[in-house]
Amino acid sequence: MKKLLDQRHEILDLISIFKKKQIKLIKAELLGTRNTLMYLNLLAESKNLILYTINMVKAHRDFVLDDEKVKILNPVTIKK
């Protein structure tokens, strides 16, 4: 999990760097705004996808841990 969170941090930092570079290019009038808006939207959606994925992994981890706790506290008994 630690490795995954580290990778998330690295990717989010890269997305931030890409956004800043793109904005600098717009201000220098080297790029058109139409394609830039599409690119910035793509970066925003990529960021959302990463954040949602991490949240799903955390939720899955918590679900599994809670399920294990329930099994330990309430072991299933088989009646004959």
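Here's a quick tour of this two-helix chain, from the overall layout down to a few individual residues. The model is predicted. The protein chain runs to 80 residues, and buried ones make up 8% of them. There are 2 helices and 0 strands, plus 2 salt bridges to look at.

**Overall picture**

- Take the contacts between residues at least 6 apart in sequence: 73% of them join residues at least 24 apart.
- The accessible surface of the chain adds up to about 7,200 Å², and carbon and sulfur atoms account for 63% of that.
- Helix α1 covers residues 2-27, and its length checks out: 26 residues at 1.5 Å each should span 38 Å, which agrees with the 38 Å between its end C-alpha atoms.
- Helix α2 takes in residues 33-73.

**The loop between the helices**

- Glu-29 sits in the loop between α1 and α2, and it counts as exposed because its relative accessibility is 70%.
- The backbone here is worth a look: just after α1, Glu-29 takes a positive phi of about 60°.
- Most residues other than glycine have a negative phi.
- Glu-29 goes the other way, with a positive phi in a residue other than glycine.

**Thr-36 and Gln-22, two buried polar residues**

- Thr-36 belongs to helix α2, and at 2% relative accessibility it falls under the 20% cut-off, so it counts as buried.
- Its side chain reaches back to the backbone oxygen of Gly-32, at 2.7 Å.
- Setting aside residues up to four places away in sequence, Thr-36 touches Gln-22, Ile-26 and Leu-31.
- Gln-22, over in helix α1, is buried too, because its relative accessible area is 12%.
- Beyond its neighbours within four places in sequence, Gln-22 is in contact with Leu-31, Thr-36, Tyr-39 and Leu-40.

**Arg-8 and its partners**

- Arg-8 lies in helix α1 and has a relative accessibility of 25%, so it counts as partly exposed.
- Which residues does Arg-8 touch, not counting those up to four places away in sequence? They are Ile-50, Leu-51, Ile-54 and Lys-58.
- Arg-8 and Thr-53 are 45 residues apart along the chain, yet their C-alpha atoms are separated by 9.8 Å.

**Salt bridges**

- Lys-2 pairs with Asp-6 in one salt bridge, with 3.2 Å between the closest N and O atoms.
- Those two are 4 residues apart in helix α1, which means about one helical turn separates Lys-2 and Asp-6.
- As general background, an α-helix has 3.6 residues a turn, so residues three or four places apart point the same way.
- Lys-2 is exposed at 60% relative accessibility, whereas Asp-6 is partly exposed at 35%.
- Arg-61 forms a salt bridge with Asp-62, again with the closest N and O atoms 3.2 Å apart.
- Both ends of that pair are partly exposed, with Arg-61 at 35% relative accessibility and Asp-62 at 36%.

**A nonpolar patch on the surface**

- Met-1, Leu-4 and Val-57 make a nonpolar surface patch of about 200 Å².
- Leu-4 comes from helix α1 and counts as partly exposed, because its relative accessibility is 31%.

Definitions and conventions
Residues numbered from 1 in each chain as written. Heavy atoms only, no water. Buried < 20%, exposed > 50% of the residue type's maximum accessible area, 1.4 Å probe, protein only. Polar contact = N/O pair within 3.5 Å; in protein donor to acceptor, adjacent residues only side chain to side chain. Contact = heavy atoms within 4.5 Å. Expected span 1.5 Å × (residues − 1). Areas by Shrake-Rupley, 256 points an atom, 1.4 Å probe, with all protein chains shown as cover. Patch = residues over 30% accessible without salt bridge, like charges linked within 9 Å, V, L, I, M, F, W, Y side chains within 5 Å. Salt bridge = Lys/Arg side-chain N within 4 Å of Asp/Glu carboxyl O.
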